[in-house]
Amino acid sequence: MATGCFISTGQSLDQAIERVKLAEGLGYESVYLTHVAGRESLTVLSAYALATSRIRVGSGVVPIYTRTPATMAQTAATIDELSGGRLTLGLGVSHRAVVEGWHGQQIEHPVAEMREYASIVRAILRGENPPAGEKWQTGFRLIGIEPRPQLPIYIAALSPAMLRLAGEIADGVLLWLCNPSYIRDVVIPEVTAGRERAGLTLAGFDVVPAVPAALSEDRAGAYGAMRKDLLPYFALPFYRAMIERTGFGADIEAYDRAGGDFEAMQRAISEGFLEELTAVGDESELAAGLERYRQAGATSPCVGPITKTDLDATLRAGLGTAT
């Protein structure tokens, strides 16, 4: 069992780097970074790696449609060398709004395309000839840098099919908005099925959920911030399907009925949903929240920030009470 964290750059790269150094000093096993519209995530991970010596640095996650498999493998190998072998490469499909709207690419067969992409990246990192693909074709080989066969590849997954794929071909799975009941009832069984398909067990496979957390006496304030941040996800098909599978279909229905009224849309996200998802409160409540994820099958729950709360204090409490 390990504890990780998510640290974004926010408004200040310098502050983020200091926060990563804090996380390393506290003893966190890993730090992950999301890939959004601000600073480029893999470049930032290089900065995180250069500022630290022990903590693992991971992409959480890079959309596969933003760069070719050859470029992804080359970049990953470089950061892994730079960090002394501390990179975890997290890959994800993302969403049509990002893939099509930002990058002009198309998601056609997400599970098949992820299988193909990850297999090519893995082969390049091992120093092998890349397999032939349908969407991506490449004869790229690393030259002048040693292969990185041990570099772990994690896959972001929500649906049963993608979870099975992660179990079959990846070293771990990255989860967002997956509460403990979904991890117990869907993630673990589906990942296990994928591992069995590959002739493997769950031993050594990393289940990494992001856990929105806050050391705070203002539970209502933290929940209010979460409701605002979650609004886009309630409109995305992949997340909507997962939320319904988790038993919160009524929240989706209320969200839809709100008809664009932002206040009503926020109220649609129930307190029950947030209680399941987050770890908010004093040190004991924060510890209990992380422990719920461990009991459900998570191997490396990751403390994630909640807007307008003190992340540094949460990082200190999150690790101090979880070990």
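A residue counts as buried when its relative accessible area is under 20%, as exposed when it is over 50%, and as partly exposed in between. Arg115, with a relative accessible area of 31%, is therefore partly exposed. The model described here is a predicted one.

**Overall form**

The chain contains 14 helices and ten strands. Its radius of gyration is 19 Å, which agrees with the value near 20 Å that a compact globule of 323 residues would have. Along the principal axes, the C-alpha trace spans about 55 × 40 × 40 Å. Of the 323 residues, 54% are buried. Among contacts with a separation of 6 or more, 72% are between residues 24 or more positions apart. The chain exposes about 13,800 Å², and carbon and sulfur atoms supply 50% of that area.

**Charges and salt bridges**

The chain carries 29 positive and 38 negative charges, and the mean positions of the two sets are 3 Å apart. Side chains of opposite charge can pair when their charged atoms come close. The structure holds twelve salt bridges. The table lists some of them.

| Salt bridge | Closest N to O distance |
|---|---|
| Glu108 with Lys135 | 3.8 Å |
| Arg115 with Glu168 | 2.8 Å |
| Asp171 with Arg122 | 2.9 Å |

Arg115 forms a salt bridge with Glu168. This pair links distant parts of the chain, with Arg115 in helix α5 and Glu168 in helix α6 (residues 160-169), 53 residues apart. Glu168 has a relative accessible area of 19% and so is buried. Arg115 and Glu168 also belong to a network of salt bridges together with Arg197.

Helix α5 takes part in another pair, in which the side chains of Asp171 and Arg122 meet. Asp171 lies in the loop between α6 and β7 (172-175) and Arg122 in helix α5, so this salt bridge ties together parts that are 49 residues apart in sequence. Asp171 is partly exposed, at 27% relative accessible area, whereas Arg122 is buried, at 12%.

The remaining pair in the table is Glu108 with Lys135, whose closest N and O atoms are 3.8 Å apart. Glu108 sits in the loop between α4 (96-99) and α5 (110-126), and Lys135 in the loop between α5 and β6 (153-156), so the pair ties together parts that are 27 residues apart in sequence. Glu108 counts as partly exposed because its relative accessibility is 46%. Lys135, at 30%, also counts as partly exposed.

Terms used. Residues are numbered from 1 along each chain as its sequence is written. This is a predicted model: local features need pLDDT of at least 70, side-chain atom pairs count only at pLDDT 80 or more; totals for chains, interfaces and linings use all residues. Side-chain values use heavy atoms; hydrogens and water are left out. A salt bridge is a side-chain nitrogen of Lys or Arg within 4 Å of a carboxyl oxygen of Asp or Glu. Helices (H or I, at least four residues) and strands (E, at least two) are DSSP runs, numbered from the N terminus. Buried means under 20% relative accessible area, exposed over 50%, partly exposed in between (1.4 Å probe, protein chains only). The radius of gyration is taken over C-alpha atoms; the globule rule is 2.2 Å times the number of residues to the power 0.38. Contact means heavy atoms within 4.5 Å. Accessible areas come from the Shrake-Rupley method with a 1.4 Å probe; for residues, only the protein chains shown count as cover. Lys and Arg count as positive and Asp and Glu as negative; His and the chain ends are not counted. The place of a charge is taken as NZ of Lys, CZ of Arg, CG of Asp or CD of Glu.
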